[in-house]
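Work through the following exercises with the sequence and the coordinates at hand. Each task is followed by a solution that goes step by step.

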Amino acid sequence: MSLDVPITLSDDIGMISQPYQLYIERTDPSQNMARYYAMQIEQTMFGEACLIRRWGRIGKRGQEKQQVFEREEEAVLLFLDLLKQKRARGYRPKTTRRRLLR
């Protein structure tokens, strides 16, 4: 293959079809519990899907784990399974409290 030959690449090859991001928290003041769990699916340099998970105490750096998958569908299935597990353990989306203006 010559380097002088133009190669046409499609923009949609290897791209993540839609953004997958999640941030949930679990708090219980009586147990001094304030935890977070965050997940997202990103594309690696090589076009693979990467599920990135972060968790720990709210306000702290916490831990991180990355898993690479050949297919986006595999990453999405694990994403949804982990979401189901965390919801069962009491994790919920962060609630924002708005101040009422008087």
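**Exercise 1. Establish the secondary structure and the overall figures of the chain.**

Step 1. The chain contains 1 helix and 5 strands, where helices (H or I, at least four residues) and strands (E, at least two) are DSSP runs numbered from the N terminus. In sequence order these elements give the pattern β-β-β-β-α-β.

Step 2. Before any values are read, note that this is a predicted model, in which local features need pLDDT of at least 70 and side-chain atom pairs count only at pLDDT 80 or more, while totals for chains, interfaces and linings use all residues. Residues are numbered from 1 along each chain as its sequence is written, and side-chain values use heavy atoms, with hydrogens and water left out.

Step 3. Of the 102 residues in the chain, 25% are buried; buried means under 20% relative accessible area, exposed over 50%, and partly exposed in between, with a 1.4 Å probe and protein chains only. The accessible surface of the chain is about 8,700 Å², and carbon and sulfur atoms account for 50% of that surface, as computed by the Shrake-Rupley method with a 1.4 Å probe, where for residues only the protein chains shown count as cover.

Step 4. Among contacts (heavy atoms within 4.5 Å) between residues at least 6 apart in sequence, 41% join residues at least 24 apart.

**Exercise 2. Describe the largest nonpolar core and identify which elements supply it.**

Step 1. A nonpolar core is a set of buried Ala, Val, Leu, Ile, Met, Phe, Trp, Tyr and Cys residues joined through side-chain atoms within 4.5 Å. The largest such core has 14 residues, and those with the most contacts inside it are Tyr37, Met39, Ile41, Leu51 and Phe79.

Step 2. At least two residues of this core come from each of β1 (20-28), β2 (33-43), β3 (49-57) and α1 (72-88), and α1 gives the most, with 4 residues.

Step 3. Take Ile41 as an example: leaving aside residues up to four places away in sequence, Ile41 touches Ile16, Tyr20, Ala49, Cys50, Leu51, Ala75, Val76 and Phe79.

**Exercise 3. Trace the pairing of β2, β3 and β4, and place Cys50 within it.**

Step 1. Two strands pair if DSSP finds at least two bridges between them. β2 and β3 run antiparallel and are joined by 9 bridges, with Met39 opposite Arg53 in β3. These two strands form a hairpin with 5 residues between them, and Gly47 in the turn has a positive phi of about 85°.

Step 2. β3 also pairs with β4 (residues 63-69) in the antiparallel sense, over 7 bridges. The hairpin of β3 and β4 has 5 residues between the strands, and Gly59 there takes a positive phi near 95°.

Step 3. Cys50 lies in β3, stands opposite Val68 in β4, and is buried at 5% relative accessibility. Without counting residues up to four places away in sequence, Cys50 touches Gln40, Ile41, Glu42, Thr44, Gln66, Gln67 and Val68.

**Exercise 4. Classify the Tyr23–Tyr36 and Tyr37–Tyr91 ring pairs.**

Step 1. Rings of Phe, Tyr and Trp (its six-membered ring) pair if their centres lie within 6.5 Å; planes under 30 degrees apart count as stacked, over 60 as edge-to-face and the rest as tilted. By this rule there are 4 aromatic pairs.

Step 2. The Tyr23 and Tyr36 rings have centres 6.1 Å apart and planes at 15°, so this pair is stacked. Since Tyr23 lies in strand β1 and Tyr36 in strand β2, the pair ties together parts that are 13 residues apart in sequence. Tyr23 is partly exposed, with a relative accessible area of 35%, whereas Tyr36 is buried at 10%.

Step 3. For Tyr37 and Tyr91 the ring centres are 6.4 Å apart and the planes stand at 65°, so this pair is edge-to-face. The pair links distant parts of the chain, with Tyr37 in strand β2 and Tyr91 in the loop between α1 and β5 (92-93), 54 residues apart. Tyr37 is buried, with a relative accessible area of 4%, and Tyr91 is buried as well, with 6%.

Step 4. Ring pairs link Tyr37, Trp55 and Tyr91 into a cluster.

**Exercise 5. Locate the salt bridge and state the exposure of its partners.**

Step 1. A salt bridge is a side-chain nitrogen of Lys or Arg within 4 Å of a carboxyl oxygen of Asp or Glu, and the structure holds 1.

Step 2. Glu64 forms a salt bridge with Arg54, their closest N and O atoms being 3.1 Å apart; Glu64 is in strand β4 and Arg54 in strand β3, 10 residues apart.

Step 3. Glu64 counts as partly exposed at 43% relative accessibility, and Arg54 counts as partly exposed at 30%.
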